[in-house]
Amino acid sequence: MNIVAEYTIRTPILPTVLEAVPEMEIRNTALYPDSGDRGKILIWAWGDDFDAFDDALGDHDLVREYDCLAQTGDRRLYAIVHIADLKDGLPYPLLFENNGVVLDATATRDGFDMRVRFPSRESLRRYRAGCKERGIPFRLQTLSEADGAMSDGASGVTDTQREALVCALELGYFDIPRQVTMDEVADELAISTQAVSTRLRRGQQNLVRSL
């Protein structure tokens, strides 16, 4: 039976870019298998400091080249090609080997928050074992069957997602009109606004799936 795994994984490029430009938001939209020595990812980047973002990509030792493919409002679509030597240190080839399908991926300074569909628990175990062999940090958050039945609780909401949801509710973030901003929720939780956004979005997704 197909399963959906939500986990955090550390990759060597985009989290370090976000350390240089923390106000940006990055979501991964597509991964491409290696073709010769060219491994490529496509990402959407949101923010208002694309000059600094471009500088961080251009200065990164592991980025071979990058190109802005499109821009819509305050977001841009980038194609990023990494250097050939990085191939053995990335989790993406393991996804293709184990038939993982990326449903959602959001970059943070801690790594990528991933939601991936695997054809079986065994394929997930092989993927996780491969990450361990490559020294890639992997932290599983939730696991669900493809029909939405969560394996680790009725709602599938993680502790950090629950904390953010409850805090936002109590402060009035979900009120109409809203009583507080997301920045204020972040201040209350002592985390970044980007982290709050990710936790609220993932928590709401899990709640909807469970219903």
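Student: Hi! Which strand does Ala-107 lie in?

Tutor: Ala-107 is part of strand E6. Keep in mind that this is a predicted model.

Student: Okay. Is Ala-107 buried or exposed?

Tutor: Buried: the relative accessible area of Ala-107 is 0%. The cut-off for buried is under 20%, so Ala-107 qualifies.

Student: What is Ala-107 in contact with, apart from its neighbours within four places in sequence?

Tutor: Leaving those neighbours aside, Ala-107 is in contact with Leu-14, Leu-18, Ile-26, Phe-112 and Gln-194.

Student: How far apart are Ala-107 and Ile-26, in sequence and in space?

Tutor: In sequence, 81 residues separate Ala-107 from Ile-26. In space, their C-alpha atoms are 5.2 Å apart.

Student: Let me zoom out. How many helices and strands are in the protein chain?

Tutor: The protein chain has seven helices and eight strands.

Student: And what share of the residues counts as buried?

Tutor: The protein chain has 211 residues, and 46% of them count as buried.

Student: What about contacts between residues 24 or more positions apart?

Tutor: Among contacts with a separation of 6 or more, 63% are between residues 24 or more positions apart.

Student: Now the outside. How much area does the protein chain expose?

Tutor: About 10700 Å², with carbon and sulfur atoms supplying 47% of that area.

Student: Where is there a patch of negative charge on the surface, I mean, which residues gather in it?

Tutor: The patch brings together Glu-170, Asp-183, Glu-184, Asp-187 and Glu-188.

Student: Which helix gives the most to it?

Tutor: Helix H6, residues 182-189, gives the most, with four residues. Glu-188 is located in helix H6, and Glu-188 counts as exposed at 53% relative accessibility.

Student: Switching to Leu-169, where is that one?

Tutor: Leu-169 sits in helix H5, which covers residues 159-171. Leu-169 is exposed, and its relative accessible area is 54%.

Student: And how far is Leu-169 from Val-185?

Tutor: The two are 16 residues apart in sequence, and 9.6 Å apart from C-alpha to C-alpha.

Student: New topic: salt bridges. How many are there in the whole structure?

Tutor: A search finds six. As background, side chains of opposite charge can pair when their charged atoms come close.

Student: Which residues does Glu-122 meet in salt bridges?

Tutor: One is Arg-125, at 3.1 Å from N to O. Another is Arg-126, at 4.0 Å from N to O.

Student: Why are Glu-122 and Arg-125 separated by about one helical turn?

Tutor: Because they are three residues apart in helix H4, which runs over residues 121-133. Glu-122 and Arg-126 also both lie in helix H4, four residues apart, again about one turn of the helix.

Student: How accessible are Glu-122 and Arg-126?

Tutor: Glu-122 counts as partly exposed at 37% relative accessibility. Arg-126 is partly exposed as well, at 42%.

Student: What does Glu-19 pair with?

Tutor: Glu-19 forms a salt bridge with Arg-10, and their closest N and O atoms are 3.6 Å apart. Glu-19 is partly exposed at 47% relative accessible area, and Arg-10 is partly exposed at 26%.

Student: Which residues are linked in a network of salt bridges?

Tutor: Arg-27, Asp-104 and Arg-202 are linked that way.

Student: Last thing, the backbone. Which peptide bond is cis, say around Pro-177?

Tutor: The bond from Ile-176 to Pro-177 is cis, with omega near 0 degrees. Pro-177 belongs to the loop between H5 and H6.

Student: What is worth noticing about a cis bond or a positive phi?

Tutor: Most peptide bonds are trans, and most residues other than glycine have a negative phi.

Student: So what is the phi of Asn-99?

Tutor: Asn-99 has a positive phi of about 60 degrees, although it is not a glycine. Asn-99 is in the loop between helix H3 (92-97) and strand E6 (101-108), and Asn-99 is exposed at 53% relative accessibility.

Student: And the phi of Ala-190?

Tutor: Ala-190 is not a glycine, yet its phi is positive, at about 60 degrees. Ala-190 is in the loop between H6 and helix H7 (193-210). With 67% relative accessibility, Ala-190 counts as exposed.

Conventions. Residues are numbered from 1 along each chain as its sequence is written. This is a predicted model: local features need pLDDT of at least 70, side-chain atom pairs count only at pLDDT 80 or more; totals for chains, interfaces and linings use all residues. Side-chain values use heavy atoms; hydrogens and water are left out. Patches are made of residues with over 30% relative accessible area and no salt bridge: like charges are joined within 9 Å, nonpolar side chains (Val, Leu, Ile, Met, Phe, Trp, Tyr) within 5 Å. Accessible areas come from the Shrake-Rupley method with a 1.4 Å probe; for residues, only the protein chains shown count as cover. A salt bridge is a side-chain nitrogen of Lys or Arg within 4 Å of a carboxyl oxygen of Asp or Glu. Lys and Arg count as positive and Asp and Glu as negative; His and the chain ends are not counted. The place of a charge is taken as NZ of Lys, CZ of Arg, CG of Asp or CD of Glu. Helices (H or I, at least four residues) and strands (E, at least two) are DSSP runs, numbered from the N terminus. Buried means under 20% relative accessible area, exposed over 50%, partly exposed in between (1.4 Å probe, protein chains only). Contact means heavy atoms within 4.5 Å.
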